[in-house]
Amino acid sequence: MPASSTLGHVEGPDGGEEMLICQFIHMTNSQGSTWFGGDPFSYTVPLLLAQLILIFIVTSLIWLFLRPFKQGMISAQLIGGIIMGRSCLGRIRAYSDKIFPTSGRQILETSADLGFILYLFIIGVHVDLNLVKKVERYAVVIGVSCFIAPLTIGLGVIFLVTNTMDLDPETVSCLPFVASLTAISSFPVITSLLTDLNILNSEIGRMATLASVVSDMCNYGSSLIFGGLVVYLMTKQFAVIMSVICAILFFMIILFILRPMITFVAKRVPEGHQIKESHFVVVVVVVLICGLGSEILGQPAGLGTFILGVLIPDGGSLFANKMETFSIGLLVPAKFVISGLILDISSIHALSGFAYGIVLLVCYTCKFLSVFIISLYYKLPTRDACALALIMCCKGAIEAALYITLFEDGVIGRQAYAMLLLSSLLMTGIARPLIAHLYDPSSRYLGLCKNSIMLNQPNEELRMLLCIHDADNIPTILSFIDAMHGNRPIALFALNLTELKGRGAAVLEQTTDITSNQAAKALNSLADRIAGHLVVRHFTSVSPYASMHDDVCTLAADQVANIAILPFHKQYTMDGAVGLSSPSIRMVNQNVMEKSPCSVAILVDRGQFLTNHKSNQSFHVCLLFLGGMDDCEALALCTGFIHNHNVTITFLWIRSWDHAKYTQQNMEIEMVNQFKAKTMGYHRINYKEELVKDAIDTTRIIGSLKDYDFDLCVVGRSHDAESEMLAGINEWSECPELGVIGDMLANPDFHFSVLVVQQQPAGADVFKYANVQPVASGYISSSRYSDCKDDFDSFHRV
């Protein structure tokens with residue numbers, strides 16, 4: 001049977017015994033040797049394919065098992081490597097010689113390193129240098145302390161351990177590296193963890209992001225200064241200085257030559273279009289050039305690609321997203337599986353393992369306590385402080401890659417490598433589920449009063465939060481807001497929602513520069529036209545869709561909004577047909593409706609609203625009223641249309657034919673009577689009452705609305721599920737977030753827009769906000785997002 005290589009032991013350069021592998025260059029493709037008694041795994045290509053397939057299957061199965069426990073894919077890949085490596089299955093000689101022979105490891109490691117080089121470029125693209133400008137004092141204190149405290153105390157413990165225990169020279173030399181590696185809190189690892197747990201754009205998420213930036217700066221700075229100094233003092237060679245000078249020159253080449261090349265290619269890609277294959281190939285070649293330059297200068301290849309990713313502008317995310325599938329999905333798992341493959345638990349000896357364990361325990365404890373105590377000093381709640389401390393203790397891809405690099409370079413031994421990798425797996429494995437249990441971003445606003453329009457006095461300012469994903473809904477919103485203005489001032493908080501792509505840090509901030517925002521310009525133009533009745537404030541949220549609702553709810557609570565208006569996830573064409581549909585936006589809407597601290601309305605926009613705002617233009621609104629708190633909230637919203645002479649309102653009350661036999665809620669009757677009293681003598685207000693016996697009559701009446709020339713139909717979301725008027729029709733709702741009636745009106749048979757209103761239940765604790773200074777009257781709001789980190793102390797609650 002042919003073999004792809006032979007191996008044997010030879011004398012190494014230091015006099016020790018080393019393994020020499022002789023690879024046969026013709027043993028690449030099996031080319032049907034199976035049918036002639038050959039072994040396909042003796043050839044490099046089939047062996048590499050088998051290794052990648054096995055790695056993918058094993059790590060995916062492990063991740064499916066670990067996912068309910070909030071574990072990440074990196075942990076699954078490391079555990080998979082340990083299981084397939086010499087600590088477990090690798091002890092079976094037949095398996096290790098067949099699947100992971102010594103000769104077959106080189107090609108697998110080379111492929112994995114290539115994927116990791118691209119992966120570091122992707123990580124670099126996710127780093128936002130603008131975060132340095134946003135670092136506040138608390139982030140500096142937390143970031144510096146979580147690096148300095150474990151490092152200094154860990155070095156002190158190492159001094160005591162080495163002087164009290166009889167340790168071998170290798171352990172003594174490795175212990176300082178163990179302490180320094182434990183002190184690291186990598187920015188890419190922290191942001192990846194926060195994204196996995198859907199807390200990247202939360203208060204704790206933003207604090208951890210900024211603190212990790214500071215910690216990374218401390219790590220890089222100390223490594224550059226002390227590492228270069230130690231090497232120079234040990235070698236006393238001028239080549240060390242030359243290497244630093246060459247590294248600086250290479251950095252300049254990246255900054256002034258390679259970076260402009262990628263920027264030029266990115267600008268040639270039209271917005272919303274896919275990049276061309278030729279452009280993508282150019283970028284990949286530039287990335288590989290950076291890796292080659294780093295290797296020539298004696299640095300890891302990934303360092304150059306990482307620096308390139310950091311320096312390129314936001315357009316680099318176009319190329320990074322295209323690289324992710326190939327590098328992260330196929331090659332990078334092999335890198336971390338190899339990290340587990342070479343780990344040998346049996347190499348850990350009792351005495352040295354005990355010494356490593358003491359140092360690791362002290363370092364992690366100091367890291368946790370330093371962040372925890374400082375967080376309490378900055379008046380963070382105990383649970384949040386504990387969650388933040390656990391976040392800063394977590395390890396991930398960067399640390400695992402650093403461990404294996406130092407091990408392969410001979411800086412740390414096999415025992416130190418095993419203890420570092422196992423301790424990081426254990427610490428991260430324990431911390432992730434604890435973080436998910438301790439910290440819930442929604443708890444900050446779920447405990448507040450559920451604000452609504454009904455709680456607002458008729459002449460008080462109406463505070464509305466408008467969520468914007470794109471500019472398609474703006475004509476509808478303009479007509480709606482224009483129709484709402486009357487005797488009540490409106491404060492509109494426009495929140496522009498953008499999915500986080502490319503950069504790793506979420507953003508929620510007030511926007512003042514709107515020169516390139518067409519939606520903001522249109523809203524400001526409307527505010528200028530109806531000055532005195534409308535004031536608009538603009539905010540920007542950049543976050544993952546999975547946690548985008550947290551920004552919406554946070555801003556709604558911070559600005560004491562009465563109602564939040566969300567766009568429906570489906571877009572309709574002018575002929576009424578369904579156009580684009582976004583499941584991600586639907587997920588955001590569902591999360592907001594579940595957790596919002598104020599009323600919520602979903603706008604089903606069919607593009608039928610008037611786009612020109614002339615004073616003689618008529619606007620026809622239909623209010624469907626079947627009873628319930630949501631319909632009462634919809635009625636309270638529609639009272640804002642009464643005093644606008646350009647608005648016609650049709651009030652349609654659908655009631656049971658034997659309603660006299662049942663006792664209806666006094667609030668419903670009172671609100672309807674008040675509406676009648678306010679609109680008495682208004683020829684623009686039409687009141688209709690329809691009596692129905694069953695759901696068939698209800699469906700018939702709602703179906704007849706398509707014959708009317710309405711611009712907007714307003715209806716509540718929830719109704720009495722046991723009512724005979726809706727019996728049976730609530731079982732086939734396609735979009736439950738719209739309710740039974742709203743889902744019927746969203747059918748393409750109707751050609752008017754629909755606004756589905758939901759009033760949040762008040763909950764057990766009912767508070768009343770103190771007087772909030774009205775924005776629309778020219779005063780500054782009593783609560784702004786910048787005060788959110790003070791746990792909403794800016795809210796004056798009684």
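These questions and answers look at the cores and helix packing of a predicted model. Local features need pLDDT of at least 70, side-chain atom pairs count only at pLDDT 80 or more, and totals for chains, interfaces and linings use all residues. Residues are numbered from 1 along each chain as its sequence is written, and side-chain values use heavy atoms, with hydrogens and water left out.

Student: Which helix gives the largest share of the largest nonpolar core?
Tutor: A nonpolar core is a set of buried Ala, Val, Leu, Ile, Met, Phe, Trp, Tyr and Cys residues joined through side-chain atoms within 4.5 Å. Buried means under 20% relative accessible area, with a 1.4 Å probe and protein chains only. The largest core has 102 residues, and Leu-388, Ile-391, Tyr-417 and Ile-435 touch the most other members. Eleven residues, the largest share, come from residues 414-438, helix H17.

Student: How many residues are in the second, separate core?
Tutor: Its members include Ala-491, Leu-566, Val-604 and Ala-695. The count for this core is 53 residues.

Student: Are H7 and H17 roughly parallel or roughly antiparallel?
Tutor: Helices are DSSP runs of H or I, at least four residues, numbered from the N terminus. Axes are lines fitted to C-alpha atoms over the stretch in contact, and angles run from 0 to 180 degrees between N-to-C directions. H7 (residues 169-182) and H17 pack at about 25°, with axes 9 Å apart. Angles under 35 degrees count as roughly parallel and over 145 as roughly antiparallel, so H7 and H17 are roughly parallel.

Student: Which residues in H17 meet H7?
Tutor: Contact means heavy atoms within 4.5 Å. From H7 come Glu-170, Thr-171, Cys-174, Val-178, Leu-181 and Thr-182. Their partners in H17 are Arg-414, Gln-415, Ala-416 and Leu-420.

Student: How does H2 lie relative to H17, and what is the term?
Tutor: H2 spans residues 73-84, and its axis comes within 11 Å of that of H17. The two cross at roughly 135°. Angles of 65 to 115 degrees count as roughly perpendicular, and those outside the three named ranges as oblique. That makes H2 oblique to H17.

Student: How many charged residues are in the contact of H2 with H17?
Tutor: Ser-75, Leu-78, Ile-79 and Ile-82 in H2 meet Leu-421, Leu-422 and Leu-425 in H17. Asp, Glu, Lys and Arg count as charged; Ala, Val, Leu, Ile, Met, Phe, Trp, Tyr, Cys and Pro as nonpolar; the others, Gly among them, as polar. The contact has six nonpolar residues, one polar and no charged residues.

Student: How many residues of H8 are buried?
Tutor: H8 covers residues 187-196 and is largely enclosed by the rest of the structure. Its buried residues include Phe-187, Ile-190 and Leu-194. Of its ten residues, the buried number seven.

Key:
Buried < 20%, exposed > 50% of the residue type's maximum accessible area, 1.4 Å probe, protein only.
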